[in-house]
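Trainee: Please take a close look at one part of this model, the largest pocket. Which helices each supply at least two residues of its lining?

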Amino acid sequence: MKVLLAVFSVSLVCAAAALAQSPYAGMQTRSIKALSDQQGTDLREGRGMGLALAAELNGYPGPSHVLELADRLGLTSAQRLRVQELFDTMKAEAVPVGARLLSQEATLDEQFASRTVNEETLKKSVAEIALTQGALRAIHLKHHLLVRTILDASN
């Protein structure tokens, strides 16, 4: 019995030490383990979270960045208004999709936490998440494309 208790104690100490050194240390307390608090906030508020980097880094800025730099870009009032409208539309489209993604991630997290996940539910959950992530990315990329047309029209 003493040997068993000693082995158990050593196992606990090793597990605690491994967790403390783990790159995932602290993440186990997240409400949705796969998402940081910042990512959750960004999804709830319709922010891009780098989803449109393919556009951004190839000369297709997003509406939020263009609005931030409107003076330096010399936007006309009509351009500012149109970009603001695009920003508002993008946000209106992105917020519900972000909420759906949060819900789907929470469901997947709960399946693992409750030990009810199996291959079938895993496959279904991951497929739904992938579709939602793709839809969210398309929303942001579409609006980068539309902003470019506004900027090009002035040239």
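Mentor: Helices are DSSP runs of H or I with at least four residues, strands are runs of E with at least two, and both are numbered from the N terminus. The model is predicted, so local features need pLDDT of at least 70 and side-chain atom pairs 80 or more, while totals for chains, interfaces and linings use all residues. Residues are numbered from 1 along each chain, and side-chain values use heavy atoms, without hydrogens or water.

The chain holds 7 helices and 0 strands. Four helices answer your question: α3 (53–56), α4 (63–68), α6 (77–113) and α7 (119–153). The pocket (open 1 Å grid points that fit a 1.4 Å probe, with protein on both sides within 12 Å along at least five of seven lines; lining atoms within 4 Å of a point) has 19 lining residues. Nearest its centre lie R47, G48, S64, H65 and H140. The space in this largest pocket comes to about 280 Å³, a volume filled by probe spheres set on the joined points. By residue type, its lining divides into 7 nonpolar, 8 polar and 4 charged; Asp, Glu, Lys and Arg count as charged, Ala, Val, Leu, Ile, Met, Phe, Trp, Tyr, Cys and Pro as nonpolar, and the others as polar.

One of the contributing helices, α7, can be followed from its start. There, a side-chain oxygen of N118 comes to within 2.9 Å of the backbone nitrogen of E120. With 35 residues at 1.5 Å each (times one less than their number), α7 should span 51 Å, and the 51 Å between its end C-alpha atoms agrees. H140, among the residues nearest the pocket centre, is one of the buried residues of α7 (under 20% relative accessible area; exposed is over 50%, partly exposed in between). Other buried residues of α7 include H143, H144, I139 and L136. The buried residues of α7 pack against α2 (37–45), α3, α4 and α6.

Another contributor, α6, contains D109. D109 counts as buried because its relative accessible area is 15%. Beyond its neighbours within four places in sequence, D109 is in contact (heavy atoms within 4.5 Å) with S31, I32 and K33.

Two loops beside these helices are also worth a look. M49, in the loop between α2 and α3, has a positive phi near 55 degrees although it is not glycine, and is partly exposed at 35% relative accessibility. R115 sits in the loop between α6 and α7; its phi is also positive, near 60 degrees, and at 71% relative accessibility R115 is exposed.

Key: Buried < 20%, exposed > 50% of the residue type's maximum accessible area, 1.4 Å probe, protein only. Polar contact = N/O pair within 3.5 Å; in protein donor to acceptor, adjacent residues only side chain to side chain.
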